[in-house]
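Me: Got a model to go through with you. Mind if I fire off some quick questions?

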Amino acid sequence: MPTQPALEITPVNLHTFSHFSFLEGQASQQDLASTAAAAGQPALALTDRHRLTGAVQFVDACEQHSIKPILGLTLTIAHRGSPSPHSFRDLVLLSTDRQGWSSLCALCSMVNDLEEATSEPHLPLTSLEQHADGLLCLSGNYLSETRGFGSVKMHPQAHLRLDSLKSIFGDRLYVQIDHILHSPSLMHSLSDLATESGIPPVATSATYFLDEKDHPLQSLLTAMRRNTREDQLHFELVPPQRAFFNNGEQLAELYKGFPEALNNISEVVERCILQLPLGEVQFPILALANDETADDHLRRLAFNGAKERYEEITPEIEERLEHELASISDQGYAPLFLIMADVLQYAHEADVPSGSRGSASSSLVAHCLGITSPDPLRLDLYFERFLNPARHSPPDIDVDLSSSRRDQVLEYVYERYGHDHVAMVSTITRLRTRSALRETAKAFGLTSAQIKRLVESLPHRGWGPNRGARNRTGGPYSKLREQYPDYGSLFDAAETLRGRPSHQSVHPGGIVISPGPIREIVPTLRASKGLITTQFDLEDIERIGLVKLDLLGIRSLAVLGWVADHLYKYGKSSYERQVTFIDAIPDEDEATTRLVESTNTIGCFQIESEGMRGTLREIQVSNRDEIMAALALFRPGPMTGGLKDAYVRRHLGKEEVQYLHPALAPLLVDTYGVILYQEQVLKIAHELAGLSLADADLLRRAMSHFDPGEQMKTLKLRFISGAEDKSGVPPAIGERIWELMAAFAGYGFPKAHAAAYAEIAWKSAYVKAHWPAEFMAGVMANWGGYYRQPSYIKETQRLGFEVRAPHVDHSQRQFTVTYLDDTPVLFMGLDQVKDLTHHTQKAILKKRPFHSLDDFLSRVAPRTLELEHLAKIGALSGYATIPGLLTRVARKDWQAGQPGLFQITSDDTEQDWQEAQIADAQQELLGIALV
């Protein structure tokens, strides 16, 4: 008997599913890597089905545990000329290099284009022919006759199929032998086929979970993924009990009869040398005129913008611009600023209201380019809070757009930079307490009513110590366990599943632009309405180095734009453009001051909640900068640490301003000795203790993340000694200042963000102060803000304006204002009427005014149910009484273009409904009663 050759490396797993296969595999990337490392395996392959979502996290986890990551994909392929679902089989593809990664991304994106269209997403073999470069192909179950884990026979044309794969992959093809996918007899048949064809075999062990005890959960996950009951699953759909992670010794034992397949594992591992370009920023290529570089172009725009915004470029402005431009150039971020400036310029030209948020307002360059509104010089904002040269991740530039016009700006980005270069970023949705219970109960076979009762019995999510205490003492389902003792296993499973990825959705603001076709760099998904998204979330997009823009839609800007359009339409404003109207709102205004001081700010951006209005009242806010302070004060840190009370007392002159040390006085004078903004932590560290602004920002970040590590200890020692050396602060006082900063930093608000939001809040208050009826209509037309619709209706009525139910002669699709006898009256939108179709709404808006009921019926031709609902809520008042209208409804004698035989007008004698009857109907059909 010949001697079996010695293994070149410890056998590793080449066919592994993670929890980013979305309910097909169980283990996280971290758990997979740590398990492989503990088993002494030098490498590990990730091969989720049709997903590369976990690739970046997998690479990071493997590198953390000093093992080699191999990135791959399990891909469903249809046999050539066989479209039947019974002919679909799986191949395993592994990337060898950057080109292989691009091929994986392209194939993964292509198959996910089909996810919405078919329950059996697959690709034809021709797709592999187009995107095979840089890939190793393992034959999976592609050569088997029957589908599933019970396959026991070879396909009669297995040789032909193998030849097809060989024509595509050449010497990059391996016959896969897997004790999970193949029966013992099939494993031997595949080994013989490999020998006969001269194609090397390779041993794999399809891994779906880490330990044998995890198998029962695998069955549950399969049921959840297939949206069926667990007891109705066909056994072949669930991976077998032996599909757990095998260490090197177990793999060697499993494949001792297949020595060549076992040894070829090392060959596969050696051929896979891919290194993802993590941390390498990949900017899109900008076409600039006159061969101008991005840095030169940015410099020109920044200085031109400074001339427009300031009367003169003072030495202070020039020095700040030069400092920022040098830092931006050193880190290669000029294209990011140029792209965002271009997008914002388009938004302005297209009359789309916009605003800034976040720390980008700390940049003078961004301000001069028109990206941000707050003046960083006036507000004493530090550039390093936004872009720290000691950090190597691209800065976040977040922009707010009118929610009703955001799609228009997104379409510009697609057109400007190329549809094949742009995609929205995805978010990964995980099972939480309620969703885990709901999905587990469905798989357990509970009825909809039973599931609803269980889920609604859970407490609503909160924050703070109480939630943590509840979870520590008995888990999230402890009360339900007492009520439903027979459901113990259900609650156990749901608790185990909490936190696991379940699906992907579209991020509310993130959009990426790539230097080349995006599907060659990252995998994509086709989301609802055909929207293309990346399979990576924000963090992984940042790791792979793509340029990310945050274009967020907010309703408050839509409200301001709506009011601008409405006022111009009715001749109450000379500003035709929304952005001109908004930009013209003054920074100081007596009526706005009175409104803010009275805290009648319901509907106003960021300052309408009860708690926020209470803060405005306490501070006696009267201007935009005081709104900025109120926004920062209404945070957990200042509220729970007593800083808010101290600020209020000192602001009102009820308490003397005190400082821990006189050196703090010039640094905290604007906030009465209280640390109110994150920027003040930088200011103290820099000016009091002499730390560079870059180090000061690192200190702030470490504090905000409650990082007790060595970096924090080193910075603390440097701070205390620096405060003593530079400012004469005794070490004991220095330590107290440090503790005050640390206590604040975790909850502090960036001044740049507060300033940006205070601008929109002030403008909202200005519009409410001067055009209250139009403002409230705009709030409700754009579906409100902090409160639900009834609160805004009540506020409108408190202001003295009438709010009426929808009417066919006055309402738009959404809330609007109509001037009856020059008095503003708010009408609810037609879109709120239950069962009123968009087709009928369009006909009403196009063909009104109506002269009679029969005129309305003949020209609009509503369905019977639509007419009944319009009649009951009062939308046809003036044409007949509601009983008279319902009589006509019962006759059903109208059709388009044909007047009725008997016209009913408003002089019918039947007594109309009482207010209580109308109120009941409105509550049912509108969701709220207005009478």
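Me: What share of the protein chain is buried?
Reply: Of its 931 residues, 57% are buried, where buried means under 20% relative accessible area with a 1.4 Å probe, protein chains only. This is a predicted model, where local features need pLDDT of at least 70, side-chain atom pairs count only at pLDDT 80 or more, and totals for chains, interfaces and linings use all residues. Residues are numbered from 1 along each chain as its sequence is written, and side-chain values use heavy atoms, leaving out hydrogens and water.

Me: What about the radius of gyration of the protein chain?
Reply: The protein chain has 33 Å, which agrees with the value near 30 Å for a compact globule of 931 residues. That's taken over C-alpha atoms, and the globule rule is 2.2 Å times the number of residues to the power 0.38.

Me: And what does the C-alpha trace span?
Reply: About 105 × 95 × 70 Å along the principal axes.

Me: Switching topic: is helix 21 mostly covered or uncovered?
Reply: Mostly covered, with 11 of its 15 residues buried. Among them are L557, W562 and H566. Helices here are DSSP runs (H or I, at least four residues), numbered from the N terminus.

Me: Why should helix 21 span 21 Å?
Reply: Because it has 15 residues (555-569) at 1.5 Å a residue, and its end C-alpha atoms are indeed 21 Å apart. The expected span is 1.5 Å times one less than the number of residues.

Me: What comes just after helix 21?
Reply: G571, which takes a positive phi of about 70°.

Definitions and conventions:
Buried means under 20% relative accessible area, exposed over 50%, partly exposed in between (1.4 Å probe, protein chains only). Helices (H or I, at least four residues) and strands (E, at least two) are DSSP runs, numbered from the N terminus.
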